[in-house]
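User: Please take a close look at one part of this structure, the interior packing around its main sheet, and then set that part in the context of the rest.

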Amino acid sequence: MERCGLVAIVGAPNAGKSTLVNALVGQKVAITSPKAQTTRTRLLGVALEGEAQIMLVDTPGIFEPRRRLDRAMVQAAWGGAQDADLIALVIDAKAGLGPKVEIILEALKTRKEPKLLILNKVDISAKEKLLVHARKLNDAVDFTETFFVSAATGDGLPELKRALADAMPQGPWHFPEDQVSDATDRMLAAEITREQLYHQLHAELPYASAVETEKYSERDDGSVEIHQQILVARSSQRAIILGKGGSRLKEIGSRARAELASLLGRKVHLYLHVKVKADWEDDRGLYREIGLDWVD
């Protein structure tokens with residue numbers, strides 16, 4: 001009997017939610033980075049386990065919002081939990097508990113959906129603290145089950161995936177068997193370039209940057225032509241991305257192009273340029289482009 005349901009993956013920034021979603025799906029559908037708040041939009045990954053199709057919503061990390069973009073991201077996170085059959089709270093077991101986790105626990109107390117607790121990164125966590133964390137969290141919220149996993153190594157994932165599958169309601173699958181995400185290729189292209197910005201620039205580039213896919217078209221030979229602009233708030237940030245003689249931007253483009261070609265299974269022609277736009281966070285059109293709702 002087929003099963004199909006929606007699981008909202010929530011947690012604080014950098015808990016490893018995107019890595020977990022990718023591991024459960026079995027291939028990359030969400031970008032990852034050591035930088036907090038990498039995921040901005042509500043992204044759906046589709047995992048299969050036996051007769052069950054598990055629709056995983058990888059939500060932005062939940063934190064105390066300060067700017068319009070922050071508010072839009074937190075709204076997207078809780079919006080991803082709407083209509084969920086199950087909410088899975090992912091905790092960075094190494095970082096432990098803190099104010100960011102407290103905010104989420106308070107919100108979860110009033111949610112009616114069944115809730116799972118997932119302590120992630122157990123491979124790099126102090127073992128004696130795991131049970132302490134689990135007990136405190138279960139005292140705060142009524143979790144139906146607790147799982148100790150490492151999304152990076154795969155430890156504990158088969159048991160977690162089986163439990164998610166068993167929790168899905170009976171019903172027909174929503175996606176074809178070979179579809180792993182609801183993200184369009186256009187959105188994926190922007191996300192892959194943004195991931196390279198994070199990976200290559202690390203702390204040099206502030207969080208305030210965005211990638212907008214201006215043109216996405218297929219050529220007659222079957223290859224894809226993609227034009228993107230990277231938006232930053234200041235000229236100094238533009239200089240960081242360009243690098244000496246444009247070398248940094250060239251490297252970002254080269255790696256993003258290679259990854260996109262692998263993911264799309266075709267040759268990719270990627271053209272990047274960097275634009276200074278001080279008020280890009282107040283551009284309604286950009287919010288639509290990156291998949292966020294405008295928040296006043």
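Analyst: The largest nonpolar core has 28 residues, and those with the most contacts inside it are V7, L20, I54, L56, L160 and L164. A nonpolar core here is a set of buried Ala, Val, Leu, Ile, Met, Phe, Trp, Tyr and Cys residues joined through side-chain atoms within 4.5 Å, and buried means under 20% relative accessible area, exposed over 50%, and partly exposed in between, with a 1.4 Å probe and protein chains only. The model is a predicted one, in which local features need pLDDT of at least 70 and side-chain atom pairs count only at pLDDT 80 or more, whereas totals for chains, interfaces and linings use all residues. Residues are numbered from 1 along each chain as its sequence is written, and side-chain values use heavy atoms, with hydrogens and water left out.

At least two residues of this core come from each of β1, α1 (17-25), β2, β3, β4, β5 and α5 (157-167), and the largest share, five residues, is supplied by α5. Helices (H or I, at least four residues) and strands (E, at least two) are DSSP runs numbered from the N terminus. Apart from this core lies another, of 27 residues, among them L6, V46, A93 and V122. Within the 28-residue core, V7 offers a useful viewpoint: leaving aside neighbours within four places in sequence, V7 is in contact (heavy atoms within 4.5 Å) with I54, M55, L56, V57, L86, A88, L164 and M168.

The strands that feed this core belong to an open sheet of six strands, in the order β2-β3-β1-β4-β5-β6 and with mixed pairing; two strands are taken to pair if DSSP finds at least two bridges between them. Its edge strands, each pairing on one side only, are β2 (43-49) and β6 (145-148). Neighbouring strands of the sheet are turned by 25° against each other on average, direction ignored, where axes are lines fitted to C-alpha atoms (for helices, over the stretch in contact) and angles run from 0 to 180 degrees between N-to-C directions. At one end of the strand order, β2 runs antiparallel to β3 (residues 52-58) and is joined to that strand by seven bridges, with A47 having I54 in β3 as its bridge partner. Elsewhere in the sheet, β4 and β5 run parallel and are joined by six bridges, and I87 stands opposite K115 in β5.

Strand β5 is mostly covered, six of its six residues being buried. In a regular strand the side chains alternate between the two faces of the sheet. Both faces of β5 are covered, with K115, L117 and L119 buried on one side and L116, I118 and N120 buried on the other. Helix α3 (residues 99-108) lies across β1 (3-11), β4 (86-92) and β5 (115-120), running at about 165° to β4.

Helix α1 is likewise mostly covered, with seven of its nine residues buried, namely K17, S18, L20, V21, N22, L24 and V25. The cover over these buried residues includes β1, β2, β3, β4, β5 and α5. Just after α1, G26 takes a positive phi of about 100°.

Beyond this part there is an open sheet of three strands, in the order β7-β8-β9 and again with mixed pairing, whose edge strands are β7 (209-218) and β9 (268-276). Strand β8 (residues 224-232) pairs with β9 in the parallel sense over nine bridges, and the bridge partner of Q229 in β9 is H273. Helix α6 packs on this sheet, touching β7, β8 and β9, with its direction making about 140° with that of β7. Because 13 of the 17 residues of α6 are buried, this helix is largely enclosed by the rest of the structure.

For the protein overall, the secondary structure comes to nine helices and nine strands, and buried residues make up 50% of the 296 residues. Of the contacts with a separation of 6 or more, 72% are between residues 24 or more positions apart.
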